[in-house]
Amino acid sequence: MIRRFGQLQDGRPVEAITLQAGSLSATILNYGAILNDVRLAGVPYGLTLGSPDLAAYDHGPMDYFGALVGPVANRISGASAELDGERFQFEANEGPNTLHGGPKALHNALWQLAEHSESAVMLEVQLPDGAGGFPGNRHLRARYSIEAPARLRMDLWAKTDRATFLNLANHSYWNLDGTKTTEGHWLQVRADRYTTVDDHLIPTGVADVTGTAFDLRGGRVLRPSDSQRYDTNFCLSEGPAALRHVATLTGTSGISLRLSTTEAGLQVFDAAPIGSAPFIGHRGFVETGFCGIALEAQNWPDAPNRPEFPSSVLRPETLYHQTTQWQFSKPGDVMS
């Protein structure tokens, strides 16, 4: 189903596309390729955080909620990087650094609807050479699809006519209990390393999770009262890999999300400083700190400036492809 969602500040209309298969439905906006809402049959609330008000997303406080971020997700130190002997300067939007591609990036791009069915939608967008300081005319496609009984899949493709940096991620916040915070959610991440960071969250190196609060291999209950905060990249592999299960999030309700991806890293963000004020979310109240947990499958942060990290360089002869998958269940369900 396609419906009019609203109108951007510049007058362009935005559409909402709702997909459904089995016991799962999802609503995607063609603005930011935003995953706006996810519903599981028998559960009286949405599982991802979003808003019914387009103004919350249009350069508003919820601009990253559910959005496809890039062209380079996460942080680029010094808002610059060198590629093939040429230094490129990007737009800084987090102190001296570039976050998620800068202030005018994929999260506020209006995508075109290429094709759709009851259970799938394909969106596409063109990024011109030099936009945000990034080289290359780039063509991106994003396909969201639902497979019964309750699996949501995202496939991303990109190509360029000039060597460039590319690292895409979905930035959804998950709350599986419908509560104001994620108090009591249990998170497991199948990673034995993580990237250490400085005060600006720029990577300083890679460390073993053993003996640290970042050892989530056996799972951990997350509480806002804990001193440990998470805005952390977990190192899953040294580069893109076959689709595999990398994380599980389970609410106190027993509702569970299994995340699978082809990506080399997973950024876990506890949303401590995040809020939606003055806008009300789907759940009927203003979202505040710790409202959800972001699980952002992507490449490692600041890879353009770290040659020892998995590369985020995309060249004209290469097709970028990412698959990330979310599988949901509630108590009594059998997960395939």
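How many nonpolar, polar and charged residues are in the lining of the second largest cavity? I opened my notebook with that one, and here is what I found, bearing in mind that I am working on a predicted model.

**Entry 1: the second largest cavity**

The count by class came out as three nonpolar, five polar and one charged residues. I then pulled up the names: the lining is made of N74, T195, V197, L201, D231, T232, N233, Q267 and P301. Two elements, β18 (193-197) and β21 (231-235), each give two or more residues to this lining. Of the contributors, β21 gives the most, with three residues. The space inside comes to about 30 Å³.

**Entry 2: the largest cavity**

Next I asked myself how many cavities of 30 Å³ or more the structure holds. There are two. The largest has about 90 Å³ of space. I listed its lining as T182, R220, L222, R223, P224, D226, Q228, R229, Y230, D270, F290 and I293. Sorted by class, that lining has five nonpolar, two polar and five charged residues. Among the charged ones I noted R220, R223 and D226.

**Entry 3: the four-stranded sheet**

I moved on to the strands. Four of them form an open sheet, running in the order β1-β2-β3-β4 with antiparallel pairing. Its edge strands are β1 (2-7) and β4 (35-40), and each of these pairs on one side only. I also looked up the turn between neighbouring strands of this sheet, which is 20° on average with direction ignored.

Then I zoomed in on one pair. β1 and β2 (residues 13-21) are antiparallel partners over five bridges. One residue I followed across was R3, whose bridge partner in β2 is A16.

**Entry 4: the nine-stranded sheet**

What is the strand order in the open sheet of nine strands? I wrote it down as β10-β11-β12-β13-β27-β23-β22-β17-β20, with antiparallel pairing. At the edges stand β10 (112-116) and β20 (220-221); each has a single partner strand, so one side of each is left without a neighbour in the sheet.

Within this order I picked the β23 and β27 pair. β23 covers residues 256-261, β27 covers residues 320-329, and the two pair in the antiparallel sense over six bridges. Here L259 stands opposite W326 in β27.

**Entry 5: Y57 and its surroundings**

I clicked on Y57, which is found in the loop between β4 and β5 (68-69). Is Y57 buried or exposed? Its relative accessibility is 1%, so Y57 counts as buried, the cut-off being under 20%.

Which residues does Y57 touch, not counting residues up to four places away in sequence? My list reads F5, L29, Y31, I34, N36, G50, S51, M62, D63 and F65. Of these, F5 falls within the span of β1 (2-7), and N36 falls within that of β4 (35-40). I also checked Y57 against S276: the two are 219 residues apart in sequence, while their C-alpha atoms are 9.6 Å apart in space.

**Entry 6: two histidines with positive phi**

I stayed in the loop between β4 and β5, where H59 also lies. H59 is not a glycine, yet its phi is positive, at about 55°. Another histidine came up in the same search: H100, with a positive phi near 55°. H100 is found in the loop between β9 (98-99) and β10.

Which of the two is buried and which is exposed? H59 has a relative accessible area of 54%, and because exposed means over 50%, H59 counts as exposed. H100 has a relative accessible area of 4%, which makes it buried.

**Entry 7: cis peptide bonds**

Last, I looked up omega at two prolines. The bond from G70 to P71 is cis, with omega near 15°. P71 lies in the loop between β5 and β6 (75-76). A277 and P278 are also joined by a cis peptide bond, with omega about 5°. P278 lies in the loop between β24 (265-269) and β25 (293-298).

Terms used. Residues numbered from 1 in each chain as written. Predicted model: local features only at pLDDT ≥ 70, side-chain atom pairs only at ≥ 80, totals over all residues. Heavy atoms only, no water. Pairing = 2+ DSSP bridges. Axes fitted to C-alpha atoms, helices over the stretch in contact; angles between N-to-C directions. 1 Å grid on protein atoms, 1.4 Å probe; cavity = no way out; pocket = protein on both sides within 12 Å on 5 of 7 lines; lining within 4 Å. Points joined across faces, edges and corners; volume = space filled by probe spheres on them. Buried < 20%, exposed > 50% of the residue type's maximum accessible area, 1.4 Å probe, protein only. Contact = heavy atoms within 4.5 Å.
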